[in-house]
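Reader: I am new to this structure. Please take one helix and walk me through it closely, then show me what lies around it.

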Amino acid sequence: MAVSAMQDGAVSFLEKLVDADDLIATLEKALDLDAKRREKLQANLNLRMRFNTPTPKEKEVAAEIAKGGSNKDVGIRLDIAEKTVQIHGTSIYKKLRVHSQLEIAELLKKIGQI
């Protein structure tokens with residue numbers, strides 16, 4: 001039963017007639033873990049919401065930018081002009097609030113797009 005409870009996410013396993021201090025400490029630990037989990041979920045949701053703002057074409061260009069290479073390389077892979085990549089890239093950087101190819105790659109990785 002204890003193993004099952006721990007697998008289901010239990011923070012601790014308390015016996016009956018638990019000491020009040022142990023109960024409070026366990027509850028504080030559980031609340032702290034839950035707050036951290038919620039914070040992580042909120043951060044991930046915020047990233048996903050940011051990634052919803054670019055157009056489908058911008059998302060496609062962002063994925064290629066994240067793979068690396070120059071604008072010319074991205075243009076060749078997508079069969080679009082280098083200038084088009086630059087225009088989409090400028091928009092992507094603003095919408096995603098990033099400053100480098102690495103930041104785009106990290107954001108896409110965090111939200112499971114690459």
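Author: What follows starts with one helix and moves outward from there. The model is a predicted one.

Take α4, which spans residues 71-78. Which of its residues are buried? They are V74, G75 and L78. These residues cover an arc of only 100° around the axis, so they sit on the same side of α4. The general rule is simple: an α-helix has 3.6 residues a turn, so residues three or four places apart point the same way.

Now turn to the other face of α4. The face turned away from the buried side carries K72 and I76, and these are exposed. What covers the buried residues? The cover includes α3 and α5. Just past the end of α4 comes D79. There, D79 takes a positive phi of about 60°.

Next, the core. The largest nonpolar core has 17 residues. V61, I92, I104, L107 and L108 have the most contacts inside this core. Helix α4 supplies at least two residues of the core, and so does each of α2, α3, α5 and α6. Here α3 covers 56-67 and α6 covers 101-110.

Look at I92 more closely. Leaving aside neighbours within four places in sequence, I92 is in contact with E58, V61, A62, I65, R97 and I104. Two of the residues in that list, V61 and I104, are also among those with the most contacts in the core.

Then there is H88, in helix α5, which runs over residues 82-96. Is H88 buried or exposed? H88 has a relative accessible area of 17%, and buried means under 20%, so H88 counts as buried. Beyond its neighbours within four places in sequence, H88 is in contact with K57, E58 and V61. Both E58 and V61 are in contact with I92 as well.

Last, the other end of the chain. Helix α1 covers 2-7 and α2 covers 20-51, and A10 lies in the loop between them. A10 is partly exposed, because its relative accessible area is 28% and partly exposed lies between 20% and 50%. A10 and T26 are 16 residues apart in sequence, and their C-alpha atoms are 10 Å apart in space.

L23 belongs to helix α2. L23 is partly exposed too, with a relative accessible area of 34%. Together with L14, V18 and L27, L23 makes a nonpolar surface patch of about 280 Å².

Technical notes. Residues are numbered from 1 along each chain as its sequence is written. This is a predicted model: local features need pLDDT of at least 70, side-chain atom pairs count only at pLDDT 80 or more; totals for chains, interfaces and linings use all residues. Side-chain values use heavy atoms; hydrogens and water are left out. Helices (H or I, at least four residues) and strands (E, at least two) are DSSP runs, numbered from the N terminus. Buried means under 20% relative accessible area, exposed over 50%, partly exposed in between (1.4 Å probe, protein chains only). Contact means heavy atoms within 4.5 Å. Patches are made of residues with over 30% relative accessible area and no salt bridge: like charges are joined within 9 Å, nonpolar side chains (Val, Leu, Ile, Met, Phe, Trp, Tyr) within 5 Å. Accessible areas come from the Shrake-Rupley method with a 1.4 Å probe; for residues, only the protein chains shown count as cover. A salt bridge is a side-chain nitrogen of Lys or Arg within 4 Å of a carboxyl oxygen of Asp or Glu. A nonpolar core is a set of buried Ala, Val, Leu, Ile, Met, Phe, Trp, Tyr and Cys residues joined through side-chain atoms within 4.5 Å. The arc is that of the directions from the helix axis to the C-beta atoms.
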